[in-house]
Amino acid sequence: MQMNPNGYEAETQNPEPQGPGRGNARRGQQHAGARELASLYSPGKRCQEWISVILCFSLMAFNFIHLLANFHLGYSWSILLGIVAGILTADFASGLVHWGADTWGSVDLPIFGKAFIRPFREHHIDPTAITRHDFIETNGDNCMLTIVPLANMAFNFLTLSPVEIYHIYPWYCYLFALAIFVTLTNQIHKWSHTYFGLPRWVVFLQHCHIILPRKHHRIHHVAPHETYFCITTGWLNYPMEKLGFWRNLEDLIQSVTGEKPRADDLKWAQKVK
């Protein structure tokens with residue numbers, strides 16, 4: 001790791017440490033697998049991402065206005081607890097999705113493979129590719145995940161009485177915090193791979209470990225990428241690792257299905273042409 005003229009850490013040519021079973025295949029934008037995976041990004045996928053981002057942020061703004069309109073000081077501690085619980089849930093959800101997509105499935109799966117598994121395979125071969133993605137490509141899929149709960153919340157704000165809203169207000173603060181951090185997870189992930197030009201407030205949040213720090217996330221990028229899957233805040237990575245949560249889950253699934261963890265990921269990493 002080196003320092004650039006702006007005082008931030010700059011990634012070396014190969015930011016991903018090598019691990020057992022990976023060989024010495026060149027990583028990065030010129031890797032054969034990375035080029036092929038990047039070429040699979042389609043106009044249809046781009047359209048889905050645009051629609052998801054527009055719907056998500058429109059619903060988020062609507063719900064935020066109604067949360068402010070229905071705010072009561074009496075629920076301050078419940079609101080704070082709900083927000084923290086929402087952040088923790090988002091961190092766990094990010095780990096579960098990240099672990100699932102990294103470990104299982106294939107790019108060859110119909111529709112789902114190219115649309116949702118492909119970015120995970122590309123990311124391990126070319127970890128800094130995400131830093132070249134614009135806002136839409138970075139956040140489109142996460143926005144899609146939150147549309148239904150945000151739409152349900154908006155519908156309830158329009159149809160429930162003020163008394164009913166008052167009673168479920170802390171629950172909605174939890175859901176809204178969860179939705180915000182799920183939506184921002186891949187943006188936070190992108191920042192964890194960006195070693196220059198970040199706004200100072202982002203660097204401050206990383207240093208305080210309020211969002212995923214850069215050095216913390218590098219642990220996941222030691223091949224074969226089998227630990228530290230939580231990428232929203234990373235708060236749960238250490239306890240999950242100590243519990244052996246992902247490893248035990250993989251052993252259970254492999255014993256039942258016979259499928260080997262990260263087989264497809266290894267196939268793409270070893271691709272040479």
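Colleague: What makes Trp 77, Leu 80, Val 84, Leu 88 and Trp 235 a nonpolar patch on the surface?

Modeller: Happy to explain! A patch takes residues with over 30% relative accessible area and no salt bridge (a side-chain nitrogen of Lys or Arg within 4 Å of a carboxyl oxygen of Asp or Glu); nonpolar side chains (Val, Leu, Ile, Met, Phe, Trp, Tyr) are joined within 5 Å, like charges within 9 Å. These five have about 520 Å² of accessible area together, by the Shrake-Rupley method with a 1.4 Å probe, where only the protein chains shown count as cover for residues. This is a predicted model: local features need pLDDT of at least 70, side-chain atom pairs 80 or more, while totals for chains, interfaces and linings use all residues. Residues are numbered from 1 along each chain, and side-chain values use heavy atoms, without hydrogens and water.

Colleague: Why is Trp 77 called exposed?

Modeller: Its relative accessible area is 73%, and exposed means over 50% (buried is under 20%, partly exposed in between), so Trp 77 is exposed.

Colleague: What makes the lining of the second largest pocket nonpolar, polar or charged by class?

Modeller: Ala, Val, Leu, Ile, Met, Phe, Trp, Tyr, Cys and Pro count as nonpolar, Asp, Glu, Lys and Arg as charged, and the others, Gly among them, as polar. The lining has 12 nonpolar, no polar and no charged residues, including Phe 64, Cys 173 and Ala 177.

Colleague: And how is the lining of the largest pocket split by class?

Modeller: That lining has 22 nonpolar, 14 polar and 7 charged residues.

Terms used:
Buried means under 20% relative accessible area, exposed over 50%, partly exposed in between (1.4 Å probe, protein chains only). On a 1 Å grid over the protein atoms alone, a cavity is a set of points where a 1.4 Å probe fits but cannot get out, and a pocket is an open set with protein on both sides within 12 Å along at least five of seven lines; lining residues have an atom within 4 Å of a point.
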